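Reader: I would love a close look at one part of this model, with the numbers that go with it. Could you take me through it in one connected answer?

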Amino acid sequence: MAKRLIPLAAMGNILKNSGAERVSDKAKAALKNILEEKAEEIATAAIRLAMHAGRKTVKAPDIKLATK
């Protein structure tokens, strides 16, 4: 599995922007893990879609279609 790239501080910002007053480190880590797993699934599907279309470049429509 690839190295994880989303910083914990970003998870805290997302939760606070969504209305949380305080956020524990465990909550940040849990959200981070879930989002990174989902992002990896979407990326894999988008790569398959680009390859199916005969492209090496993954484009925004591939990402959008992969999320459906």
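Author: Happy to! A residue is called buried here when its relative accessible area is under 20%, exposed when over 50%, and partly exposed in between. Keep in mind that this is a predicted model. The part to look at is helix 2, which covers residues 25–52.

Let's start with its overall dimensions. Helix 2 has 28 residues, and from its first C-alpha to its last it reaches 41 Å. That is close to the 40 Å expected at 1.5 Å a residue. Two residues inside it give a feel for the distances along the way: N33 and A50 are 17 residues apart in sequence, and C-alpha to C-alpha they are 26 Å apart in space. N33 has its place in helix 2 and counts as partly exposed because its relative accessibility is 39%.

Now for the side that is covered. The buried residues of helix 2 are K28, K32, E36, I42, A45, A46 and A50. Their packing partners are helix 1 (8–17) and helix 3 (60–66).

You may have noticed charged residues in that list, and two of them make a pair. E36 counts as buried because its relative accessibility is 5%, which falls under the 20% cut-off. K32 is buried as well, since its relative accessible area is 15%. The side chains of E36 and K32 meet in a salt bridge, at 3.4 Å from N to O. Both residues lie in helix 2, 4 residues apart, or about one turn of the helix. Here a general point helps: an α-helix has 3.6 residues a turn, so residues three or four places apart point the same way.

A second pair in this helix has a similar spacing along the chain. K38 and E41 both lie in helix 2, 3 residues apart, again about one turn. Their side chains form a salt bridge too, with 3.8 Å between N and O. As for their surroundings, K38 counts as partly exposed because its relative accessibility is 47%, and E41 counts as partly exposed because its value is 49%. In total, the count of salt bridges comes to 4.

Let's move on to where the helix stops. Helix 2 is followed by G54, whose phi is positive, near 80°. Between helix 2 and helix 3 there is a loop, and V58 lies in it. With a relative accessibility of 36%, V58 counts as partly exposed. V58 also belongs to a nonpolar patch on the surface, together with I47, M51 and I63. The four residues of this patch have about 340 Å² of accessible area together.

Finally, helix 3 brings us back to the buried residues. D62 is found in helix 3 and counts as buried because its relative accessibility is 6%. Leaving aside neighbours within four places in sequence, D62 is in contact with A46, L49, A50, R55 and T57. Among them, A46 and A50 are buried residues of helix 2. R55 is also joined to D62 by a salt bridge, in which the closest N and O atoms are 2.8 Å apart. R55 itself is partly exposed, since its relative accessible area is 25%.

Methods:
Residues are numbered from 1 along each chain as its sequence is written. This is a predicted model: local features need pLDDT of at least 70, side-chain atom pairs count only at pLDDT 80 or more; totals for chains, interfaces and linings use all residues. Side-chain values use heavy atoms; hydrogens and water are left out. Helices (H or I, at least four residues) and strands (E, at least two) are DSSP runs, numbered from the N terminus. The expected span of a helix is 1.5 Å times one less than its number of residues. Buried means under 20% relative accessible area, exposed over 50%, partly exposed in between (1.4 Å probe, protein chains only). Contact means heavy atoms within 4.5 Å. Patches are made of residues with over 30% relative accessible area and no salt bridge: like charges are joined within 9 Å, nonpolar side chains (Val, Leu, Ile, Met, Phe, Trp, Tyr) within 5 Å. Accessible areas come from the Shrake-Rupley method with a 1.4 Å probe; for residues, only the protein chains shown count as cover.
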